[in-house]
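This briefing describes the fold of one protein chain, going from its overall build to its sheet, to the helices that accompany the sheet, and to a few single residues. Please read it alongside the sequence and the coordinates displayed here.

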Amino acid sequence: EGQPDWSKIVVVGHSQGSGHAGYLAKKHPMKAAILLAGPQDTTAAGPASWMSAPSETPADRYLSFTHRDDFFDSSSQIAAVRLLREDPKAQPTLVDHQNPNRPIVMSEAEVRDPHMSVITPQFEDVWSGLLDQAIQ
């Protein structure tokens, strides 16, 4: 009927775009949202209100990949993903370059720029693993 079939869409965003992807998944019943190096939608006052709003996308369909040394603070990124997943105790699984089988993954690999590293080809297997999880 001229509208997207949101249930067939997997949205992916990096950095600020991961917040955009998460926000879209809150508003529309998506297949999944993959958040790379983010979201950063928090301040000293706490997370942005949209993060704790009811979600049209099931909470377990938010997937994440970040680098431990991200200058935007990987611990706050993981905290945001926990909020989106409605799982305050969720822990990231450490990966190097392999295909992950968990929804929240983090790299400790030696890289030049931790924030940008998660979108470089060296992590293609990680992206594939997240996408495999997203389309299940």
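Read from the N terminus, the elements of the protein chain follow the order β-α-β-β-β-β-α-β-β-α-α, which gives four helices and seven strands. The model is a predicted one. With a radius of gyration of 14 Å, close to the 14 Å that the globule rule gives for 136 residues, the protein chain is as compact as a globular protein of that length.

**Overall build**

- Taken along the principal axes, the box filled by the C-alpha atoms of the protein chain is roughly 45 × 35 × 25 Å.
- Of the 136 residues in the protein chain, 44% count as buried, and the accessible surface comes to about 7200 Å², with 52% of that surface belonging to carbon and sulfur atoms.
- When contacts between residues at least 6 apart in sequence are considered, 63% of them join residues that are at least 24 apart.

**The sheet**

- An open sheet is formed by five strands, which are arranged in the order β1-β2-β5-β7-β6 and pair in the parallel sense.
- The edges of this sheet are β1 (10-14) and β6 (93-95), each of which pairs on one side only, and the twist from one strand to the next averages 20°.
- Strands of a sheet pair through backbone hydrogen bonds, either parallel or antiparallel.
- The parallel pairing of β1 with β2 extends over five bridges, and within it Val12 stands opposite Ile34 of β2.
- On its other pairing, strand β2 (residues 32-36) is joined by four bridges to strand β5 (residues 62-67), and these two strands likewise run parallel.
- Between β2 and β5, Leu35 stands opposite Ser64 of β5, while Ala33 has Tyr62 of β5 as its bridge partner.

**Helices packed on the sheet**

- Helix α1 (residues 16-27) packs on the sheet and touches β1, β2 and β5, with a direction that makes about 150° with that of β1.
- Helix α4 (residues 124-135) also packs on the sheet, where it touches β1, β2, β5, β6 and β7 (104-107), and its direction makes about 170° with that of β5.
- Together, β1, α1 and β2 make up a β-α-β unit that is right-handed.

**Burial of strand β2**

- Because five of the five residues of β2 are buried, this strand is largely enclosed by the rest of the structure.
- The cover extends to both faces of β2, since Ala32, Ile34 and Leu36 on one side are buried, as are Ala33 and Leu35 on the other.

**A position in helix α2**

- Ser75 is located in helix α2 (residues 74-85), and at 44% relative accessibility this residue counts as partly exposed, the class that lies between buried, under 20%, and exposed, over 50%.
- Although Ser75 and Ala32 are 43 residues apart along the chain, the separation can also be given in space, where their C-alpha atoms are 22 Å from one another.

Notes:
Residues numbered from 1 in each chain as written. Predicted model: local features only at pLDDT ≥ 70, side-chain atom pairs only at ≥ 80, totals over all residues. Heavy atoms only, no water. Pairing = 2+ DSSP bridges. Axes fitted to C-alpha atoms, helices over the stretch in contact; angles between N-to-C directions. Contact = heavy atoms within 4.5 Å. Buried < 20%, exposed > 50% of the residue type's maximum accessible area, 1.4 Å probe, protein only. Right-handed = clockwise from strand over helix to strand, strands pointing away. Rg over C-alpha atoms; globule rule 2.2 N^0.38 Å. Areas by Shrake-Rupley, 256 points an atom, 1.4 Å probe, with all protein chains shown as cover.
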